[in-house]
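Take a look at the structure below. The paragraphs after it go through the surroundings of its two ligands step by step.

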Amino acid sequence: MPFSIQMVALRSSLSFRMQNTVRGPLFGISRQSHNIPFTKGLGETKPFSLICPELTTKSVCERTASKLPTYNILGSGMILIKNYISLKDQVDIVNVCQKWGMGPGGFYQPSFQNGAKLQFQMMCFGRNWDPVTKYNKSYRSDGSEPPPLPKELTSLTKTIVQDAQAHLVELPSMHPDICIVNFYQLSGRLGLHQDRDESYDSLRRGLPVVSISIGDSAVFLYGHSRDKTKCEKVVLDSGDVFIFGGKSRLVYHGVKQIIPNSCPLPLLQETALIPGRLNLTLRQF
Ligand code: SIN
Ligand code: MN
């Protein structure tokens, strides 16, 4: 596979500057009030926790020393940055997803139009997206609205794109206003698809999708068609960032498999994350 490993780059020093303890209120944002009462309209909403209070840390992946990020250009507008997100930022992201993910507008298992369920839990920040109504409804069918996009995720995304642009000049800048969060348990997966529900202008300009992986690793496929035998395969580990924009904005991609026991031990120790993988995709609608 043509996989040119670019030079190791300086990572912008990013800190979420959290004053809170692990389980305290996160990111200092206040919940928007809901003017539509919360109902169990989705039929599948029961609180989903990323955190296991009794989890014993059994990870075989005892990564301790933090590695430097490496920038791997995969195509025009497409780059994989290994080891980008610091342990502290990974912990903060798990905690903010846990906090908002447990409330109204939090994690649920969405369905396709035909009723089949997606093989993961999902929630959105900033804007509602779901496989049936796409971006057309600002409220979910249970009446809940998505929590606001934490400003720390906005600034992290902008820093990521700036750092990536140092290696990939054609990558457009963007201002994220939506984050889709998926949590895949070990049996979770996602078939090959294109992300093409964002606005005509966003797609036309090739504004990038910035995908952050946390927790257990995933076997990730990408390619120019829906034929998985013609796809390239990469492993996305905790802390990796995959970006597709510019000419690669409509690349087919999917999650083939979650690799058990691959979550870095320090992350498990800091978060008690249940087995599985958290993925955040930040976009500009
Ligand atoms: C997505 O395509 O929306 C998510 C991809 C991933 O989980 O890596
Ligand atoms: Mn996608």
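In this predicted model, ligand 1 sits in the largest pocket. Its surroundings consist of Asn 182, Tyr 184, Leu 190, His 193, Phe 220, His 253, Val 255, Arg 277, Asn 279 and Arg 283. Four strands each supply at least two residues of this shell: E5 (178-184), E6, E11 and E12 (277-283). The strand that gives the most is E12, with three residues.

Some of the residues around ligand 1 come within a short distance of its oxygen atoms, as the following values show. In the side chain of His 253, an N or O atom is 2.9 Å from an oxygen atom of ligand 1. For the side chain of His 193 the corresponding distance is 3.1 Å, and for that of Asn 279 it is 3.2 Å. Ligand 1 taken alone exposes 260 Å², and the protein buries 95% of that area.

Next comes the metal. Which residues coordinate the manganese ion (ligand 2)? They are His 193 and His 253, each through NE2, and Asp 195, which is listed with OD twice; the distances run from 2.1 to 2.8 Å. Along the chain, these donors follow the spacing H-x1-D-x57-H. The two histidines link distant parts of the chain, being 60 residues apart: His 193 belongs to strand E6 (residues 190-193) and His 253 to strand E11 (residues 252-258).

Is His 253 buried or exposed? His 253 counts as buried because its relative accessible area is 6%, and the limit for buried is under 20%.

Definitions and conventions:
Residues are numbered from 1 along each chain as its sequence is written. Chains are lettered from A and ligands numbered from 1 in the order in which they are written. This is a predicted model: local features need pLDDT of at least 70, side-chain atom pairs count only at pLDDT 80 or more; totals for chains, interfaces and linings use all residues. Side-chain values use heavy atoms; hydrogens and water are left out. Donors are N, O and S atoms within 2.8 Å of the metal (3.2 Å for Na, K and Ca); water is not among the atoms, so sites may look incomplete. Buried means under 20% relative accessible area, exposed over 50%, partly exposed in between (1.4 Å probe, protein chains only). A residue is near a molecule or strand if one of its heavy atoms lies within 4 Å of it. A polar contact is a pair of N or O atoms within 3.5 Å; within protein, one must be able to donate a hydrogen and the other to accept it, and residues adjacent in sequence count only if both atoms are side-chain atoms. Accessible areas come from the Shrake-Rupley method with a 1.4 Å probe; for residues, only the protein chains shown count as cover. On a 1 Å grid over the protein atoms alone, a cavity is a set of points where a 1.4 Å probe fits but cannot get out, and a pocket is an open set with protein on both sides within 12 Å along at least five of seven lines; lining residues have an atom within 4 Å of a point. A molecule sits in a cavity or pocket if more than half of its atoms lie within 2 Å of its grid points.
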